[in-house]
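Me: Please take a close look at the empty space that a probe would find in this protein, and describe what lines it. Please also set it against the rest of the chain, with the cut-offs stated.

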Amino acid sequence: IVAMYNDVTEEMQTQEDLKESEERYRSLFENSEAVMLLIHPDSGQIAEANPAACEYYGWTLEEIKKMHIYDINTLSKEKVNSEMIGEIIDERNHIHFKHRIASGEIRDVQVQSSPIKIKGQKYFYSIIHDETERKTAQQKLTESIDRIRKYIENAPYAIFAADKNGKYTDVNEEACRITGYTKKELLDMDFLKITIPEDRKRAVESFKVVKEKGSIELDLKFISKNKGIREWNNRIVKIGENEFLRFSKDITEKKELERKISDSEEKYHAIFDYAALGISNISPQGKILYANKRFCEILGYSLEEIKKRNIFDFTHPDDIKRSKELLKSFWDDNKTYIFREKRYVRKDGETVYVKLSSSMLRDEQDNLIHTVTTIQDITQEKKAEKKHRKSEKKSNVWLENSPVCTKIVDLDF
């Protein structure tokens, strides 16, 4: 018997290493979050897809393996082959395609492909990265830059470009108009040159803030060449390490109007607060939004106490039901005014009688904001009236039971 032995340990180890390598790469392929496809280079049929690819495209593995890359790529077969082969020959890092997913949506993708051999069979190994959001963001950025450029060219605001020292490097036409200076004159100035002396310290401090934080908005007064001192609203932004933009708008007339309105409002509040009638603003839910001094005096509460409560908290218990019905009718029937007498209970427990009038305040869309309610204290009149009725009743009883014939004569008759 002749026995021959061949040492196959190394061969078996090689096969084992190859098997482990295949399993490792199979695991990487299947467990990767990147979208991966294996494609037959000749037919374009998809030979394999990892789970991430199935999830991304929206088809099952069985469905994808029945498809060709041309069913996904929006380009023609010839163009796809040309691009993918060209990428490999030119050793390009990636190609940009548009891929169609199961929903019909077209997505922008970046594809990296390389040829590989598996069990002697050639494939294109493709890794797909979705760049739809990036391209959309890039497109929006481009559009935004174009809009900004057009805005600057046609802006109703004065726009001043300045360096880190505040010296003007560029200005638009509106900047020349509101300052009264030519572009050449402005480019020989810095921002302090046209700032009034009283505001220069604040202007310097604001420029420091912009350098540190990137932007600031403030009102400053400037010296116009033709119109004297003008007030501008300024939005200053940092656009580069040594580049700054200031957007300025002349608000001189607006500020003057605001001062007049403020004076008018102060007069209105003085009239409101010191009126002889109690005045309040009441929400549709009955919450007291504001009340003047006289309203607080009539009810005996402070304004802070009143604003924490509902108007029905002060209403006499016997009048609550009727008051709620009238208020609902007021809203529902869209009445303009309402007049009535009612009773409130003061903080000290005393009942106070008032004459009440309410009107509705609406916004531009005709939505109800609140009512304006005035009250007049008529408690003393009510007491006098009650006393008079009591006295009249006594007189009537005396007249009816008098043993003497009595005649009442109207002297003016």
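Reply: Residues are called buried under 20% relative accessible area, exposed over 50% and partly exposed in between (1.4 Å probe, protein chains only). The model is predicted, so to speak of local features requires pLDDT of at least 70 and side-chain atom pairs count only at pLDDT 80 or more, whereas totals for chains, interfaces and linings use all residues. Numbering runs from 1 along each chain as its sequence is written, and side-chain values use heavy atoms, without hydrogens or water.

The chain as a whole comes first. The chain has 413 residues, of which 34% are buried. Its secondary structure consists of 14 helices and 15 strands (DSSP runs of H or I, at least four residues, and of E, at least two, numbered from the N terminus). Among contacts (heavy atoms within 4.5 Å) with a separation of 6 or more, 38% join residues 24 or more positions apart.

Enclosed space is the main subject. Rolling a probe the size of a water molecule over the atoms shows where empty space is left. On a 1 Å grid over the protein atoms alone, a cavity is a set of points where a 1.4 Å probe fits but cannot get out, a pocket is an open set with protein on both sides within 12 Å along at least five of seven lines, and lining residues have an atom within 4 Å of a point. The structure contains 4 cavities of 30 Å³ or more.

The largest cavity has a volume of about 220 Å³, volume being the space filled by probe spheres set on the points. Its lining comprises 17 residues, and those closest to its centre are Ser-323, Leu-327, Lys-342, Leu-356 and Ser-358. Four elements each supply at least two residues of this lining: helix 13 (320–332), strand 13 (337–345), strand 14 (351–362) and strand 15 (368–377). The central residues can be placed on these elements: Ser-323 and Leu-327 fall within helix 13, Lys-342 within strand 13, and Leu-356 and Ser-358 within strand 14. Helix 13 is the main contributor to the lining of the largest cavity, giving 5 residues. By class, the lining of the largest cavity has 10 nonpolar, 5 polar and 2 charged residues (nonpolar: Ala, Val, Leu, Ile, Met, Phe, Trp, Tyr, Cys and Pro; charged: Asp, Glu, Lys and Arg; polar: the others, Gly among them).

The second largest cavity holds about 130 Å³ of space. Of the 15 residues that line the second largest cavity, Ala-162, Phe-191, Phe-207, Ile-236 and Arg-246 are nearest its centre. Two or more lining residues come from each of strand 6 (158–162), helix 9 (197–213), strand 8 (215–224) and strand 10 (243–250). Of the residues nearest the centre, Ala-162 belongs to strand 6, Phe-207 to helix 9 and Arg-246 to strand 10. The lining of the second largest cavity divides into 11 nonpolar, 3 polar and 1 charged residues.

Open space can be described in similar terms. The second largest pocket has a volume of about 220 Å³. Its lining is formed by Arg-346, Glu-350, Thr-351, Val-352, Tyr-353, Thr-379, Gln-380, Lys-382, Lys-383 and Lys-386. Strand 14 and helix 14 (379–400) each give at least two of these residues, and helix 14 provides the largest share, with 5 residues. Strand 14 also appears among the elements that line the largest cavity. The pocket lining comprises 2 nonpolar, 3 polar and 5 charged residues.

Several individual residues complete the picture. Cys-176 counts as buried because its relative accessibility is 13%, and Cys-296 is likewise buried, at 10%. Ser-302 sits in the loop between helix 11 (293–299) and helix 12 (303–307), and its relative accessible area of 29% makes it partly exposed. Ser-302 and Lys-347 are 45 residues apart along the chain, with 9.9 Å between their C-alpha atoms. Lys-66 occupies the loop between helix 3 (61–64) and helix 4 (69–72) and counts as exposed, at 69% relative accessibility.

His-96 lies in strand 3 (residues 95–100) and is partly exposed, with 38% relative accessible area. Leaving aside residues up to four places away in sequence, His-96 touches Val-109, Gln-110, Glu-131, Arg-134 and Lys-135. The C-alpha atoms of His-96 and Asp-130, which are 34 residues apart along the chain, are separated by 9.9 Å.
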